[in-house]
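Here is a short walk through this model, written for someone who would rather look at a structure than read about software. Keep the viewer open as you go.

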There are 4 protein chains.
Amino acid sequence: MGRPLIEIDPTKPISEYYEVIQNRWHPDIPAVASVRPGEVFTVECPDWTGGQVRNDDTATDIRDMELSPNHHLTGPIEVAGAEPGDLLVVDILDIGPHPKQSWGYTGIFCRHNGGGFLTDHFPHAHKAIWEFDGVWARSRHVPGVRIPYLAHPGILGTAPSHDLLARWNERERKLIAQNPERVPPLALPPEPRNAVLGALRPGTPEYERVAREAARTIPPRENGGNRDIKNLTRGARALLPVHVKGAKLTVGDLHYSQGDGEITFCGAIEMPGYITMCVDLIKDGMNKYNLHHAIFQPSLTEPRFSSYIVFEGYSVDEEGRQYYLDAHVAYRMACLEAINYLKSFGYTAEEAYMILGTAPIEGRISSIVDIPNACCTLWLPTEIFEFDIRPRKEGPVRVVSGGRLPTARWEDR
Amino acid sequence: MGRPLIEIDPTKPISEYYEVIQNRWHPDIPAVASVRPGEVFTVECPDWTGGQVRNDDTATDIRDMELSPNHHLTGPIEVAGAEPGDLLVVDILDIGPHPKQSWGYTGIFCRHNGGGFLTDHFPHAHKAIWEFDGVWARSRHVPGVRIPYLAHPGILGTAPSHDLLARWNERERKLIAQNPERVPPLALPPEPRNAVLGALRPGTPEYERVAREAARTIPPRENGGNRDIKNLTRGARALLPVHVKGAKLTVGDLHYSQGDGEITFCGAIEMPGYITMCVDLIKDGMNKYNLHHAIFQPSLTEPRFSSYIVFEGYSVDEEGRQYYLDAHVAYRMACLEAINYLKSFGYTAEEAYMILGTAPIEGRISSIVDIPNACCTLWLPTEIFEFDIRPRKEGPVRVVSGGRLPTARWEDR
Amino acid sequence: MGRPLIEIDPTKPISEYYEVIQNRWHPDIPAVASVRPGEVFTVECPDWTGGQVRNDDTATDIRDMELSPNHHLTGPIEVAGAEPGDLLVVDILDIGPHPKQSWGYTGIFCRHNGGGFLTDHFPHAHKAIWEFDGVWARSRHVPGVRIPYLAHPGILGTAPSHDLLARWNERERKLIAQNPERVPPLALPPEPRNAVLGALRPGTPEYERVAREAARTIPPRENGGNRDIKNLTRGARALLPVHVKGAKLTVGDLHYSQGDGEITFCGAIEMPGYITMCVDLIKDGMNKYNLHHAIFQPSLTEPRFSSYIVFEGYSVDEEGRQYYLDAHVAYRMACLEAINYLKSFGYTAEEAYMILGTAPIEGRISSIVDIPNACCTLWLPTEIFEFDIRPRKEGPVRVVSGGRLPTARWEDR
Amino acid sequence: MGRPLIEIDPTKPISEYYEVIQNRWHPDIPAVASVRPGEVFTVECPDWTGGQVRNDDTATDIRDMELSPNHHLTGPIEVAGAEPGDLLVVDILDIGPHPKQSWGYTGIFCRHNGGGFLTDHFPHAHKAIWEFDGVWARSRHVPGVRIPYLAHPGILGTAPSHDLLARWNERERKLIAQNPERVPPLALPPEPRNAVLGALRPGTPEYERVAREAARTIPPRENGGNRDIKNLTRGARALLPVHVKGAKLTVGDLHYSQGDGEITFCGAIEMPGYITMCVDLIKDGMNKYNLHHAIFQPSLTEPRFSSYIVFEGYSVDEEGRQYYLDAHVAYRMACLEAINYLKSFGYTAEEAYMILGTAPIEGRISSIVDIPNACCTLWLPTEIFEFDIRPRKEGPVRVVSGGRLPTARWEDR
C-alpha cells in the first residue's frame, strides 16, 4: 500500500542506512526522496536509538546508552511545490511495527543519563520488553495489563529555515546558561559528535558546518518535531508549518503506544516500524489561519474507553512547597498519586511508572487559574487491566505479584 | 428526586441564606445539615458570586466586582459515620440550572481585579450572557456556537483538619512572600473581611477566630475544593478525602459547562443551580489505596465528539523566551494559537477567548520530558460550531461577524 | 426553561386533562396550543396509560389494564407556517420525569391482554417499579443492575392528512382480515370506545365521526408516531413529515430508558414527565430530500459504552423451523439467548426479560442477505451491571439471588 | 506477528491452494493445521470468490459469476483440547488486506444470479473497486466518500457435528420445498458440484459422500459461520460453540468494511487478506452459560462517530401493503429512504446502494412490538462524506456528479 519510498531493515546495523537518516534539524540536509501532493508512500524507520536496545531481561543497555546519536530519523523528504508559509497536510494512513521486529521496549533512564519526569523518584535504569500481538502489546516485565495499539510517530517535522534555526539555538543557549552544570541538563546545545546528516558525509566542510549549527531533535518546536503526541495515529491528519522550499518532511521515533506526557522519558513502547502517508498543501496556510505551530485532527479509530479512574495533582510538591499555577508540578503529583494507587494492587513502583508511560492515559490541565494551584488530572483507563482496579469498599486486592519474574532482573537496583 | 436538603432562591439577596453559606474553609464551621450513607439528597447553590452579575450587555459588574466574598458555597453537610482517613464517595446523580434562573455568564476579569490565564493579552473586563435551552447554551454575545450541557460543581470539598489548614496557610504564606505586591497576586491569604461562616455569626469571638484562620476557597487542595474539573458531571463519582469527623461536605460554584483550564478565570458558564447527590464511605480508604488527594470516575453520559482541531503550544513564550518543561507556558501558547485560528473566521479575540473558556475543550499535557519544551495541546470540538471550522485548502470563510451586536458593548475598552 | 405550554399533574385523574389529551390520530382533532418556529416551549405528559399503574409489588394493574384508552398523548400543537410537504424540525432540548413522580414501571403484558415480543415464553403479567435517582434508575424488583438516563418520547408525531389516514385504515384492515380472531391481534382497527379527542367532546357529531375514523396510536407510521426509538433523547433532532396545515405536533409515552425493540411491549421504563422542544421548518423538505418517513439526528450526550456482550440469533425458531431472512425471528432468538445467559448468573427469566426491555441495549440487523438466515444481534452493555457478567473460564457466578424480594410477588404465576 | 500457519497468494490460481481450502461445512473435512490454546497464529485467505473478480470498470465478472464454488474458506484448523460443548475463544489480534493486493470490490448481483436485499429495485449487475490507503478505502466508482478500515472475517466458524448437519439440511430442505423454483432461491441445498474439501480429493468415495452431505456456507448457523458481523474486527473476541473434537476452526470471506446487513449481498468491500488470531477454551462453556449460538465482545478500536443521520422504515412495503412486525420489510424501507436521500445530493441509486453496503452504517431494530409495524432504523455516519450531508433549510446541494467517470461503465444497464 503506497509507494515504498525508504526501506530500512532493523536487523542490520543502522550505519548501513546513514544516507537516509538524520539525527539533527538543519535546512541544508539534502532531501533523500521526493513526493508529490496526493501521493501515497511508505517510509520505514529504525527505533529512535538505531537499535541500541536488546530484547532481554537486563537494563544495562538503557543505563549505558550513548544518547548523542539520537533520534535516528528518516528523511528529509521533499514535497513538490511546498513553499515557506504553506501548511503541509500529512494524512497518516497506516503505521505499525516493522515486519522484522514484533517487540518494543520502554526504558526508565538513569538520572545521570537522560533522566525522566519522575527522575528524583526513579534514579536508576529499568527496562520492559513488550511483545506485539496485533492490537495488543503485552510485557513479561509488567504483569496484568495489556496495551492497545495506538501507534504514532513521536517525531514528525519539517526543516527549519536558517533564521528559525538561529532563533532556536539562541533561546536554548540562554536557558542552558542559567545552569550549565545541571544534571539532567536544562537543554542540549548543538552537538557535532555523532551527528548523522544523510547525504552529507563526515569529513566534508559542509558536514562540519551543518553538524556545528544543527539543532538537536529532543524538543518539539515550530517545525513540529518531537511532539510525542500519542493521538497522531492511523487516521489522524497532521498539519505542519513549511519553513523551507520543499518542506523537507522527516519522520521517526515510532511508538506502539504512549501515555500523555511520555513520563518515563523513553516512556512509550519504542519500536522500529513503517508509516504510510499522503501529503497535500494548503498554500499560504500559516497566514490564512494565523498559525505559528503545527495543528492536527485526531483519528476516528483511536481506542475509546468509557471507564477511567482519574487522579489529581496540584502545584504543591512532594515536600509541601507551594508553586504558582505550575502545571508541571501538578501533573507530577497526579502521576505519583496514580503510582501509589497502583502499588496498592501489588505493582512495584517501576511497573506502575512504566504503565503510566505506555498506556493510553490522558493528562489534562483541568484548571489553571485558581491561584496558586494548577489542577492536573491523569486519566487511567480501567479496561487495560486484566482485573478490576476500580475503588471498592473492601479495598484493593493484591493480585499482581503472581505475574512477576522469579528473580531480580534489574542489575542496578 | 432526592430529599430537598437545602433550598436557595437566587432571586433573593444572598444574605438571606448566610446560615447555609460558607465562603472559607475551616474545620469549625458548623454543619448545616446531616445525611446518611446511601441517602439521596438535593442541595441548591447560588452562583459563585452570590448574585453580583446581571443579565445585561455591559461588563461593569465584572469590572467592579467585590471578590473577597467569593465563593458562596452551600454547606457544610455532615455525613454520618465519616472519620478522618475515609474516602467519601459522592455520586453526582443530577445537576442543573436553578429552576428560577435559566441563564448564566462568563467573565473576563480585569488584570487589576482577578485577572485570568491570558490577562496580559486581555487586561479589560468583558462578559457574555448565555441562555440555557436544555442541552444547549447560546449567547447573544458569542455568535455561531452552541455549548452542550456539561454541568458540574466547580467546588466540591470536605473540611480540612486544623493541622491541614495550618499547613495550607503556611505554604501559601511563603509563596506570597516571594512577591507580596504582585498584581494579580500569587495567592490569597486568609481574609476576615466578608467571611461568611454559616451558623457562626459576625461579632462573636468564634466567628472572629475562624474568619482569621480560614483558608480562601480559590485553589483546589487536599480536600478537593475548587478543582474546576468539567467532568464531574451528572453520572460521575467523586471520591474525597475525609479530614474531620462527619466529613463536612461543601458544594458550589456550579457551571453549565467549562473548558479544561477555565482559562478566562471566571471562564465557565457560571450559574446558580441544584445538585443531587448520594454519598457513601470507603472506610480507611485513603490508606487502603495510598491516596493523598481526591480521585474520581467520569460519567458515561458526557457529550462525546469525534471531530476535533488540536492546537499545540510549547514552553517558549510570546517573546520567544525559552522555559524548561513549563506546561503552564505551553498551554498558554496553545490557547493563543486557538484564539488566532478562530479570529481567522471573524471572531474577536474576546469572543474566541470566551469560547475556549466555556466550550468542552480538552487541555492535554502531551509531552513533558522532551527538554526543554513541554508540549500542551488544546482540543477544540468542531461540532459546537454552526459552520465548518476545519482547515480547508481555500482558507477560512469569515462567517461570524453577522451575529454581533451592532454597538460596542464593553464600556471599558 | 422554555415557555410552559401545557401542564399536567400526574397525581390528578387524567380525565381532568382531557382537553389537551388525544389518544387517536386524526387531522380534525383541534390544536390545543400554538408555537412559532424558533420558539422554546415545555409540554408535560401523563404516562402512556394515564395513571393506571401503581407503585406496588403486584401486577394486577398490568394484568387487568384497559388498553383501549391508550396512549394518552399531549397535543396537538399547531406550528405556525407549517404546510404539507414541509419537514418539521424538532430539537429535543430537555426531557425527564415529572417533578411530582420520581418512579416509573415496566410491564410484561399477558398474552391475552397486549402480549409482547416473547409472549409465548412469558404469557403472564409481571411488573417492575423503578426509582429515579437522577442519572440512574434502580428497581427493587430487578437486582444488580442500574439503568442510565436515556429519556425519550416513545411517541412524537404529526397529524395525518385525511388521505393518509384513509390509507392507514385500509391497509391495516386488510392485514386484520387475514386472521381476525388472533390473540394477540395482528393490528387494531379504529376504536370509538374510550377515544379521547381533546376539544372534541363525546356526544357531539364531530366527536362521533372522528372517533370512528381515527387511527389507533400503537404503530409508528408516516407521521412518526409510536416509533419507540430510544435515541430520541435530550440533544437529538427529529425531522417529521408535515401532512396538514400547522403540522399538529403531538407527544407522549415518555420513557426514562428503553432497549432497542422495547421487547416486553410495555418494555421501557414508563413515566409521566416533561419535554422541552424547539421547532423549526424546512420548507418543502420532503420533496427536497426525497423522503417519505421521519428521520432524526442523535444526541452527542447519549450514554456511551465501550464494553458489550453481543448475542446472536438467526431465523430458525425455537422449534428448529427455518424461515427466510426473517429478522423478527432472528432478533427473538437473540433475545432468548441473552435471557438464557443472564439466567446463568441467577436472574429469573422475567428479570432478564425486563432488563432487556429497559436497558439501553442495541438491536442490530447484522446480516440480511445470507439466505436463508438473517442474523440479528443484541448488544448488552456490561457496565450497567454491578458485577462482572463477561464470559470467564470459570463460568458465571450466581450472584443475583440475594437481591430478590423474599416472597412471590406476582399473583398470576 | 504470530506463527504463519497458512499462506495463500491471491495472485495465483486458487486451485493451487485447494488443500487448505473448504467451501462447504462438514465434520469430516480433515484439519489442515493444528494450534494450541494461547497460541498466536496468522492465516491468509482468498477473497470469497477465489479470485473471480477483476480490478476493472465493467461488471461482467459479477454478472456471470459461478456461485457454487463460494465461499473459499481457509481451514479447518484443529484446536488442541477442544471438545463438544466448549466455547472456543477467538481473539482477533489483527486483520487486513493481503500484502499482494491493495484493492477490493463491492458487487450488486443480478436478480437471476445471487440477488440482494433490494434486488427488485436493482436487478442488474454493478461493481465498484475500492483502493486501500491504510485506514481509508476510496473508490473511483463512488465519488465523495471514504470508508474507514473496519476489517473483519465475514465467516468465522467451527465444524458442525453430524447430527447438527443433519438438522440443518432437514430444516432448509423444508423451506426450499415451499417454493423450489423461486428466483432468487429461498435457500441452497447441498451441492456436490464444485465442492472443495481440502485434503479430500475429488474422485474418492469419501469426497463424494462428504460433498453430497455438506452444507453450503451462505447462511450463519449454530457454528457461527457467515454471520457478516462488521464488528468482528481487530480487537474483538469471538466465542464460538464447539461441536466436534478439535473444534475445526474455519475462516474467510474477509471484508475491509461493511454496513449492517451487507445489503447488496456482495455488499462489503471484499478482499483477500490475513487474520491473526489467538485461541483459548472455556470448557463446557455452552452449558455453563446456557448458550446455543456464538456470542462476541466488540473491539475498543472501532471507528466511532458522533454525527449520524438516521432513516426509518416500517413494515409497510413499497406498494403500501401492511405486514405484521416484519423487521425485514421495515429495514428494506429504511434502506430505500436512505438511498432516496443520497440521490438528492446527486448520487445514482447504485452508488447510494453500494455506500450503504460498504460504509459502517448501523441497522437497528428500534421497535418490534408496536403492532402491526416494526420500526427499523439505518444509521448513516455523516463523517465518511467529503461534503456536508446533514439536512439544511436550503436543501441539498448536488455536489457529487463531478466525481463520476465520464462514460457509462456498466454494460448491463
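## Symmetry, fold and helix packing

Among the residues of chain B, B:Ser306 comes closest to the rotation axis, with its C-alpha at 2.7 Å. The axis in question belongs to the pair of chain B and chain D: a turn of 180° with a shift of 0.0 Å along the axis lays chain B on chain D with an RMSD of 0.0 Å. Both copies use the same surface, as 100% of the contact residues of chain B recur in chain D. Please bear in mind that this is a predicted model.

How many residues does each chain bring to this contact? Five come from chain B and five from chain D. On the side of chain B that touches chain D, the classes are one nonpolar, two polar and two charged residues.

**Chain B with chain A**

Chain B can also be laid on chain A, again by a turn of 180° and a shift of 0.0 Å along the axis, with an RMSD of 0.0 Å. The two copies are thus related as by a two-fold rotation axis. Here too the same surface serves both copies, since 100% of the contact residues of chain B recur in chain A. Which residue of chain B comes closest to the rotation axis in this pairing? That is B:Arg364, at 2.2 Å for its C-alpha.

**A look at one chain**

Chain A is a good one to inspect by itself. Its secondary structure comes to six helices and 21 strands. The radius of gyration of chain A is 21 Å, close to the 22 Å that the globule rule gives for 413 residues, so chain A is as compact as a globular protein of that length. Along its principal axes, the C-alpha trace of chain A spans about 65 × 50 × 40 Å.

**Two helices that pack together**

Next, turn to helices α5 and α6. Two packed helices are described by the angle between their axes and the distance between the axes. The table gives both values for three of the chains.

| Helix pair | Residues | Angle | Axis distance |
|---|---|---|---|
| α5(B) and α6(B) | 327–343 and 349–358 | about 125° | 9 Å |
| α5(C) and α6(C) | 327–343 and 349–358 | about 125° | 9 Å |
| α5(D) and α6(D) | 327–343 and 349–358 | about 125° | 9 Å |

Are α5(B) and α6(B) oblique or parallel to each other? With an angle of about 125°, α5(B) and α6(B) are therefore oblique to each other. Their crossing is right-handed. In chain B, helix α5(B) makes the contact through B:Cys335, B:Ala338, B:Ile339, B:Leu342 and B:Lys343, while α6(B) brings B:Ala349, B:Ala352, B:Tyr353, B:Ile355 and B:Leu356. Sorted by class, these residues divide into nine nonpolar, no polar and one charged.

In chain C, α5(C) and α6(C) are likewise oblique to each other, and α5(C) passes α6(C) in a right-handed crossing. Among the residues that make the contact are C:Ile339 and C:Leu342 of α5(C), together with C:Tyr353 and C:Leu356 of α6(C). By class, the contact of α5(C) with α6(C) has nine nonpolar, no polar and one charged residues.

Chain D gives a matching description: α5(D) and α6(D) are oblique to each other, and their crossing is right-handed. The contact residues include D:Cys335 and D:Lys343 of α5(D), along with D:Ala349 and D:Ile355 of α6(D). Nine nonpolar, no polar and one charged residues make up the contact of α5(D) with α6(D).

**Backbone details to zoom in on**

Where does A:Pro184 lie? You will find A:Pro184 in the loop between α2 (162–177) and α3 (205–213) of chain A. The peptide bond that leads from A:Val183 to A:Pro184 is cis, with omega near -10°. In chain B, a cis peptide bond joins B:Val183 and B:Pro184, and its omega is about -5°. B:Pro184 sits in the loop between α2 (162–177) and α3 (205–213) of chain B.

A last stop is A:Leu325, which has a positive phi of about 45° although it is not a glycine. A:Leu325 is placed in the loop between β19 (308–314) and α5 (327–343) of chain A.

Key
Residues numbered from 1 in each chain as written. Chains lettered and ligands numbered in written order. Predicted model: local features only at pLDDT ≥ 70, side-chain atom pairs only at ≥ 80, totals over all residues. Contact = placed C-beta atoms within 7 Å. Nonpolar A, V, L, I, M, F, W, Y, C, P; charged D, E, K, R; others polar. Least-squares fit on C-alpha atoms with pLDDT ≥ 70 in both. Axes fitted to C-alpha atoms, helices over the stretch in contact; angles between N-to-C directions. Helix = DSSP H or I, 4+ residues; strand = E, 2+ residues; numbered from the N terminus. Parallel < 35°, antiparallel > 145°, perpendicular 65-115°, else oblique. Left-handed = near helix turned anticlockwise from the far one by under 90°. Rg over C-alpha atoms; globule rule 2.2 N^0.38 Å.
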